[in-house]
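Visitor: I have a model here and would like to know how its labels are earned. Could you walk me through it?

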Amino acid sequence: MIEADKPRLIFWELTKECNLACRHCRAEAEKRSFQGELTLAQINAAIDDIASSYSPIIVLTGGEPLYRSDVFDIAGHAAAKGLRTALATNGTLISDEIAARIRDSGIRRVSVSLDGSNSRTHDTFRGIPGSFDAALRGIARLHDVGVEFQINVTVTRRNDSELEDIYRLTKTLGGRALHLFMLVPVGCGVQLADSDMLTADRYEEVLNWLYEQSRRADMELRATCAPHYYRIMRQRAKEEEVRRHASREGFSAMTRGCLAGSGVCFISHRGDVQPCGYLPITAGNILNQSFREIWESSDVFARLRDPDALSGKCGVCEYRMVCGGCRARAYYEHGEILAEEPFCAYIPSRVTSR
């Protein structure tokens with residue numbers, strides 16, 4: 001393992017329980033209990049293990065992580081070990097008391113999901129009437145107690161026309177960042193692939209919009225599950241003859257497109273370690289192996305860290321070192337993690353020259 005392949009972000013699914021019924025949910029979360037959920041002691045032991053070798057950002061997610069009564073104990077333990085900790089929530093359960101506990105637990109940033117600029121779009125997508133207004137109330141409470149927050153939006157055909165409005169809403173709310181998540185067809189998202197996935201051409205348009213917006217924005221903007229963005233950044237920078245940087249420090253620090261298994265991983269509620277939350281392939285389990293052993297010895301991770309192993313047009317693309325294509329979408333489409341990205345409109349020069 002090279003230095004660049006140390007884990008930078010670990011997304012930790014504390015629970016699959018949730019109070020919403022989102023159409024696109026990776027976790028297929030529900031308002032019920034799930035078997036095999038890691039205990040507080042098991043989670044804290046794994047945090048100790050991780051902190052002994054690495055210093056990633058830990059993102060506590062779900063389901064809805066606030067469903068766990070010990071979420072603040074977990075956050076506090078991670079913070080005590082020197083790990084930066086973030087919380088990913090739908091925002092609807094954030095009361096004044098919860099906002100204060102988030103602040104006091106050492107959580108450095110909260111991401112709140114808004115999948116529309118209004119209640120009509122968001123509530124339809126989230127499955128529960130009133131969820132948009134409840135999320136806004138939660139965001140206001142975070143703002144009131146001084147907790148840094150960002151807005152996450154899953155971009156689909158249902159809301160791609162509202163991106164400008166969502167950007168303005170994020171500014172109005174006082175958000176530190178806006179992160180665009182491009183829909184990945186896993187979990188409930190499989191049923192939405194045909195109806196809600198952007199076409200490759202529209203995908204390209206949205207990422208170009210993000211690039212243009214980022215040049216004049218006064219907040220952090222980021223595309224997630226959109227490795228093509230790093231290719232677009234370089235193309236546009238070259239056209240404009242300006243030097244652009246592919247990463248920023250802190251919570252947006254990334255150096256290339258798909259980092260599944262090389263800079264990012266996911267730990268499920270049962271302790272399974274996956275390349276990312278959208279790629280349902282298990283590299284190991286923290287109850288059976290140390291995290292370091294999984295991270296450094298997994299065959300799955302080793303394959304994902306080799307850009308020369310990519311196939312199809314991704315394998316011959318001149319941008320494969322900075323993009324790499326979404327490995328989860330490739331797996332969904334082709335059943336192979338190293339196959340070509342199916343939602344990319346770019347044709348590599350080695351293909352066009354044939």
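Below, a visitor asks about labels and a guide answers from values and cut-offs.

Guide: Happy to help! This is a predicted model, where local features need pLDDT of at least 70, side-chain atom pairs count only at pLDDT 80 or more, and totals for chains, interfaces and linings use all residues. Residues are numbered from 1 along each chain as its sequence is written, and side-chain values use heavy atoms, leaving out hydrogens and water.

Visitor: Why are α8 and α9 called oblique to each other?

Guide: Helix α8 (residues 200-214) and helix α9 (residues 228-240) pack at about 60 degrees, their axes 10 Å apart. Angles under 35 degrees count as roughly parallel, over 145 as roughly antiparallel, 65 to 115 as roughly perpendicular, and the rest as oblique. The pair is therefore oblique. Here axes are lines fitted to C-alpha atoms over the stretch in contact, and angles run from 0 to 180 degrees between N-to-C directions. Helices are DSSP runs of H or I with at least four residues, strands are runs of E with at least two, and both are numbered from the N terminus.

Visitor: Which residues of α8 and α9 make the contact?

Guide: Contact means heavy atoms within 4.5 Å. Among the residues involved are Y203, L207 and Y211 of α8, and Y229, I232 and R236 of α9.

Visitor: What makes R176 and E148 a salt bridge?

Guide: The rule asks for a side-chain nitrogen of Lys or Arg within 4 Å of a carboxyl oxygen of Asp or Glu. For R176 and E148 the N to O distance is 2.5 Å, so the pair qualifies. R176 sits in the loop between α6 (163-173) and β6 (177-182), and E148 in the loop between α5 (131-144) and β5 (149-155), 28 residues apart. By this rule the count comes to 22 salt bridges.

Visitor: How do you know whether R176 is buried or exposed?

Guide: Buried means under 20% relative accessible area, exposed over 50%, and partly exposed in between, using a 1.4 Å probe and protein chains only. R176 has 44%, so it counts as partly exposed. E148, at 24%, is partly exposed too.

Visitor: What about D308 and R320?

Guide: Their side chains meet in a salt bridge at 3.2 Å, N to O. D308 lies in the loop between α11 (299-304) and α12 (312-316), and R320 in the loop between α12 and α13 (327-334), so the pair ties together parts 12 residues apart in sequence. D308 has 55% relative accessibility and therefore counts as exposed, whereas R320, at 21%, counts as partly exposed.
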